[in-house]
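Trainee: Could we go through the charged pairs in this one, and then see how the interior is put together?
Mentor: Yes, let us open the model and begin with the salt bridges.

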Amino acid sequence: MVIGTITEGITRGVEGVADRLAAPFTDPVLRLGVTGLSRAGKTVFITSLVANLMDRGRMPQFAAGGRILGAVLQPQPDDTVARFDYEGHLAQLLSPEPSWPEGTRRASALRLSLRVQQGGLLAGVQGPRTMHLDIVDYPGEWLLDLGLIEKDHATWAQEALARVARRASAMPEAAAFHEMVGATDPAAPFDEPRAKALAQSFTAYLNAAREAGYSDCTPGRFLLPGDLEGSPVLTFAPLPGDAGARGSLGREMARRYEAYKREVVKPFFRDHFARIDRQVVLVDVLSAIHAGPQAVEDLRAAMADILRAFRPGRNAFLSRIFQGRRIDRILFAATKADHLHHSEHAKLAAITEALLRDARDRADFAGAKTQAMSIAALRTTVEDRIAHGGEEIDVVRGKLLETGRQAALNAGALPEDPSQLLAPARAGAEAWLDGDYSVMNFAPARLSLKPGEGPPHIRLDRAAEFLLGDRL
């Protein structure tokens, strides 16, 4: 263990020195991590961002875009990571019958090289320079797994079982797992069929929680197992109390939990996360609000856990893998702004900012520059006003994903004061007392793009300015 730690530190240190020595003689690289919680739209975000960086006709708020002379996709530098299928995803969105691309199920990467005109005094001395934008896409569940590194099995199990108990009355899968845990003696001799049954029930609960709009669905690989499906490292579950004696079910569950952290979580952060310069976290705030106060509070706690991932000084493992590097900007973007009339966008942004502020306080975070905003990476609706109940109301219109028919949506008036949502959520309320918030699943609209234009969006240009502007 000590040798491994020393070797890891030496390797990272050599890599860091090599990067610093080579920096003056190579093109600068900005590594942008993109992740999201509860199907927030990572794939569409990356596809639309790249398309709008290549054709910037719809990016008026991206001030730095005026210095970009050209943008071209290049082979990515890491041959061991899957390439993000930009062309395939864009073709889906631009086809005569557009459809949503499949969600993120593994890490992938894409390199976009930007030819940039020098500014200031250097403009007359040096010609254009090239900056490489390396975009790394990975599931949000993997990011939340970082919070497990600092927790032993007993602590994690206590928190996980508390969430299960709170959700048992409204979620059959939670009730089933809660009942199974109650009938299980952690001190009993280890039994593989029992461990497998517990893991399967726990996985069913995690999938149901994600479907219900909850954000904290860790361990993330239980939802996206890949080649690890059926392995002991994914065959454990939270059990109450201490680990127990050697050979007991509780002891083996704790051992496998530690193996999950060691063999699954840490390698991801060492090999991918530690190389990121800036981070986008996409958040489906509207679906959380629709799901109710408990989902909003769960989202707030998840955002706090995410911010802890960018606070390496408090964690020995993180301090070791970062080796002096730091992620200096984090954007929390509330997606699906096109599901609201523009008159509600400022309220959605204020709610997201309040969630971020509370999460920052909870995480004791004082590091990277953070910002929250409401966006739609691909606009799927148009705005309208209709008569309803003897009055005119603002709506958005779009094609429903399930039926293909056109529908109008008024999601409900969001409160001017975010505390009207956050306070009952923090207090443990089970339902909103004075609000009814709706959501619909819209299909992508058929697009006809003019030369020089990327896909239509809402505030993607402002997001790009925050993430890239100072580096261009």
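Trainee: Which residue does Arg262 form a salt bridge with?
Mentor: In this predicted model, the partner of Arg262 is Glu263, and the closest N and O atoms of the two are 3.0 Å apart.

Trainee: And is Arg262 buried or exposed?
Mentor: Neither label fits, because its relative accessible area of 44% makes Arg262 partly exposed.

Trainee: How many salt bridges are there by this rule?
Mentor: The count comes to 24. One of them joins the side chains of Asp358 and Arg300, with 3.8 Å from N to O.

Trainee: Where do those two sit in the chain?
Mentor: Asp358 belongs to helix 13 (residues 345-362) and Arg300 to helix 11 (residues 293-308), so that the pair, 58 residues apart, links distant parts of the chain. Asp358 counts as buried because its relative accessible area, 19%, falls under the 20% limit, and Arg300, at 7% relative accessibility, is buried as well.

Trainee: Which residues are joined into one network by salt bridges that share partners?
Mentor: Glu192, Glu252, Arg255 and Arg256 are connected in that way. Within this group, the side chains of Arg255 and Glu252 meet at 2.9 Å, N to O, and both residues lie in helix 9 (residues 249-271), three residues apart, which is about one turn of the helix.

Trainee: What about the accessibility of Arg255 and Glu252?
Mentor: Arg255 is partly exposed, with a relative accessible area of 44%, whereas Glu252 counts as buried at 16% relative accessibility.

Trainee: Changing topic, how many residues are in the largest nonpolar core?
Mentor: That core has 87 residues, and those with the most contacts inside it are Tyr138, Val285, Ile289 and Phe332.

Trainee: Which helix gives the largest share of this core?
Mentor: Helix 9 does, with nine residues, and this is also the helix that holds Arg255 and Glu252.

Trainee: Taking Ile289, what does it touch?
Mentor: Leaving aside residues up to four places away in sequence, Ile289 touches Val296, Ile351, Leu414, Leu421, Trp432 and Tyr437.

Trainee: What other core lies apart from the largest one?
Mentor: There is another core of 43 residues, which includes Leu30, Ile68, Ala463 and Ala464. As general background, nonpolar side chains tend to be buried together in soluble globular proteins.

Conventions:
Residues are numbered from 1 along each chain as its sequence is written. This is a predicted model: local features need pLDDT of at least 70, side-chain atom pairs count only at pLDDT 80 or more; totals for chains, interfaces and linings use all residues. Side-chain values use heavy atoms; hydrogens and water are left out. A salt bridge is a side-chain nitrogen of Lys or Arg within 4 Å of a carboxyl oxygen of Asp or Glu. Helices (H or I, at least four residues) and strands (E, at least two) are DSSP runs, numbered from the N terminus. Buried means under 20% relative accessible area, exposed over 50%, partly exposed in between (1.4 Å probe, protein chains only). A nonpolar core is a set of buried Ala, Val, Leu, Ile, Met, Phe, Trp, Tyr and Cys residues joined through side-chain atoms within 4.5 Å. Contact means heavy atoms within 4.5 Å.
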